[in-house]
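Colleague: I've got a model open and I'd like to learn how to read it properly. Could you walk me through a few features, general idea before the particular case?

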Amino acid sequence: PVYASARVFVPSCFETLLVQSFYEKLTPVICEKFVCGQLGQTFQQVDLPRSLHGSRFLDLYRLFIANHVLCIGLYRSPYKNSNALLPYVYISPPPEAICHEGDKVFVFGTHQLILRTLSQAEFCRTKVQQKKKN
């Protein structure tokens, strides 16, 4: 559970990467781009927009990809109906996975595009609330 919650890393997880990099020359390049960034793009963890609490991962993915930001997975917080005692990393969840309050999102893109996507999600939530009042 501690490993799945990304609180510790073990040396053996790097062994696979080293073996893959021997046979596949692009593996180190891809890892470098994720860690160091490329053309202003970086790998970030952001809070799940409030407008997407209770929505499907597919909806979250579509929102980010429409803004040229790659959504890789979730950092899941334990919620009432789960058996998880600790938060955990959920990479490439199925499209129908439900996003919960307290989840965080792993994204890859420029800081400006990520901020724009988050503000669009907030704007959509505000518009939906206004329609419900009318």
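Modeller: Sure, burial comes first: buried means under 20% relative accessible area, exposed means over 50%, and partly exposed is in between, using a 1.4 Å probe and protein chains only. By that cut-off His-100 counts as buried, because its relative accessibility is 18%. A word on the source: this is a predicted model, where local features need pLDDT of at least 70, side-chain atom pairs count only at pLDDT 80 or more, and totals for chains, interfaces and linings use all residues. Residues are numbered from 1 along each chain as its sequence is written, and side-chain values use heavy atoms, with hydrogens and water left out.

Colleague: Where is the place of His-100?

Modeller: Helices (H or I, at least four residues) and strands (E, at least two) are DSSP runs, numbered from the N terminus. His-100 is in the loop between strand 3 (88–91) and strand 4 (104–110).

Colleague: And what does His-100 touch, leaving out residues up to four places away in sequence?

Modeller: Contact means heavy atoms within 4.5 Å. With that, His-100 touches Leu-48, His-53, Arg-76 and Tyr-79, residues up to four places away in sequence not being counted. There's a polar contact to look at too, which is a pair of N or O atoms within 3.5 Å; within protein, one must be able to donate a hydrogen and the other to accept it, and residues adjacent in sequence count only if both atoms are side-chain atoms. Here the His-100 side chain reaches the backbone oxygen of Ile-98 at 3.4 Å.

Colleague: On to the sheet: what is the order of its 4 strands?

Modeller: Strands of a sheet pair through backbone hydrogen bonds, either parallel or antiparallel. Two strands pair if DSSP finds at least two bridges between them. This open sheet has the order 1-4-2-3, with antiparallel pairing. Strand 1 (41–47) and strand 3 are at the edges with a single partner strand each, so one side of each has no neighbour in the sheet.

Colleague: How many bridges does each pairing have?

Modeller: Strand 1 and strand 4 pair over 7 bridges, with Phe-108 of strand 4 as the bridge partner of Phe-43. Strand 2 and strand 4 have 5, and there Cys-71 stands opposite Val-107. Strand 2 (residues 70–76) is joined to strand 3 by 4 bridges, where Tyr-75 stands opposite Val-89. As for burial, 6 of the 7 residues of strand 4 are buried.

Colleague: Which residues form salt bridges with Asp-103 and Asp-47?

Modeller: A salt bridge is a side-chain nitrogen of Lys or Arg within 4 Å of a carboxyl oxygen of Asp or Glu. By this rule the count comes to 5. Asp-47 pairs with Lys-104, the closest N and O atoms being 2.4 Å apart. That pair links distant parts of the chain, strand 1 and strand 4, 57 residues apart. Asp-103 pairs with Arg-76, at 3.0 Å between the closest N and O atoms. Asp-103 lies in the loop between strand 3 and strand 4 and Arg-76 in strand 2, so the pair ties together parts that are 27 residues apart in sequence.

Colleague: Are the residues of those two pairs buried or partly exposed?

Modeller: Asp-103 is buried at 2% relative accessible area, and Arg-76 is buried at 4%. By contrast, Asp-47 counts as partly exposed at 49%, as does Lys-104 at 29%.
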